[in-house]
Amino acid sequence: MTNKVILITGATRGIGYATAKLAAMQRWTVILQGRDEERLLEIEEEFSAYGTTVHHLTYDVTDLNAIKKAFMWIKKEIGRLDALVNNAGILDDALLGMISEKQVSQTFGVNIEAVIYHMQYASRLMMKQKHGSIINVSSIIGRVGNAGQTVYSASKAAVIGATYSAAKELAPYNIRVNAVAPGFIETDMTKQLPKEKFEQRLSEIKMGRIGKPEEVANVILFLASDLSSYVTGQVIGVDGGMVI
């Protein structure tokens, strides 16, 4: 678990925050991405207590020009990028017949277009280094679908397809590309569910409990580290047995 430079999108809460915290505890150089400047500053101060270097970049992942500037900053100020975690995502449920053009555009913009553009700029840096690891956060819904989540499911399935293709393309440069597919995880999204739906989801989990963001973060950091040096093109479910 040698020191690495890691960029995590959507790092202000949930799985992104847990991953950033775990990386900081390992004393990796952590670059936090988010839209809430105040929250990013709070996290930067919090993680600095672990004796590591923490930076933050405030931008919207759907802003292509901002993405480009972020990677230019990384190249100029740090000089390398060892791991990218494409974690930023949104969920906007709607049944077929009720899906709006705006929902499709926004969901795909954040959940897959931003992933592709971040991989593109990260791979340029990593190709010169001849090493790197990219971890894309998909979802169990991207693997098995769910009623009322056609748009979200499609966007997360696209993340898996992009992961497979990028893994094949970048392997000759010693750049590994993998994905995690979390199941029912205790985040702000799941806390908003009605009690009846929450209990229904819980009943589907073989381990009988909801997952913690830290449990997903553990797998992400494994994929970002040299412990997984021969692992690429994989989609690892972190779902407590929802899909077996």
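In the residue classes used here, Ala, Val, Leu, Ile, Met, Phe, Trp, Tyr, Cys and Pro count as nonpolar, Asp, Glu, Lys and Arg as charged, and the others, Gly among them, as polar. By those classes, the lining of the second largest cavity divides into three nonpolar residues, one polar and two charged. The model is predicted. The protein has nine helices and seven strands. Below come its overall size, its sheet, the helices on that sheet, and the empty spaces.

**Overall size**

- The radius of gyration is 17 Å, which agrees with the value near 18 Å for a compact globule of 244 residues.
- The C-alpha trace spans about 50 × 35 × 35 Å along its principal axes.

**The sheet**

- Seven strands form an open sheet. Their order is 3-2-1-4-5-6-7, and the pairing is parallel.
- Which strands lie at the edges? They are strand 3 (54-58) and strand 7 (235-238), and each pairs on one side only.
- From one strand to the next, the twist averages 20 degrees.
- In general, strands of a sheet pair through backbone hydrogen bonds, either parallel or antiparallel.
- Strand 1 (residues 5-8) pairs with strand 2 (residues 29-34) in the parallel sense. Four bridges join this pair.
- What is the bridge partner of Ile-8 in strand 2? The partner is Leu-32.

**Helices on the sheet**

- Helix 3 (residues 64-77) packs on the sheet and touches strand 1, strand 2 and strand 3. The direction of helix 3 makes about 155 degrees with that of strand 3.
- Helix 6 (residues 150-170) packs on the sheet too. Helix 6 touches strand 5 (132-137), strand 6 (175-182) and strand 7. Its direction makes about 160 degrees with that of strand 6.

**The second largest pocket**

- This pocket has a volume of about 210 Å³.
- Its lining consists of Ile-116, Met-119, Gln-120, Ser-123, Arg-124, Met-127, Ala-162, Ser-165, Ala-166, Glu-169 and Leu-170.
- Helix 4 (101-129) and helix 6 are the elements that each give two or more residues to this lining.
- Which element gives the largest share of the pocket lining? Helix 4 does, with six residues.
- By class, the pocket lining has six nonpolar, three polar and two charged residues.

**The cavities**

- Rolling a probe the size of a water molecule over the atoms shows where empty space is left.
- How many cavities of 30 Å³ or more are there? The count comes to two.
- The largest cavity has a volume of about 40 Å³.
- Thr-9, Val-61, Asn-86, Asn-87, Ala-88, Val-110, Ala-114, Val-115 and His-118 line the largest cavity.
- Helix 4 gives the largest share of the lining of the largest cavity, with four residues.
- That lining has five nonpolar residues, four polar ones and no charged ones.
- The second largest cavity has a volume of about 30 Å³.
- Its lining is made up of Ile-140, Arg-143, Ala-181, Gly-237, Asp-239 and Val-243.
- Here the opening definition applies: Gly counts as polar, while Asp and Arg count as charged. The lining of the second largest cavity thus has one polar and two charged residues, next to three nonpolar ones.

Technical notes:
Residues are numbered from 1 along each chain as its sequence is written. This is a predicted model: local features need pLDDT of at least 70, side-chain atom pairs count only at pLDDT 80 or more; totals for chains, interfaces and linings use all residues. Side-chain values use heavy atoms; hydrogens and water are left out. Two strands pair if DSSP finds at least two bridges between them. Axes are lines fitted to C-alpha atoms, for helices over the stretch in contact, and angles run from 0 to 180 degrees between N-to-C directions. Contact means heavy atoms within 4.5 Å. On a 1 Å grid over the protein atoms alone, a cavity is a set of points where a 1.4 Å probe fits but cannot get out, and a pocket is an open set with protein on both sides within 12 Å along at least five of seven lines; lining residues have an atom within 4 Å of a point. Grid points are joined across faces, edges and corners, and a volume is the space filled by probe spheres set on the points. The radius of gyration is taken over C-alpha atoms; the globule rule is 2.2 Å times the number of residues to the power 0.38.
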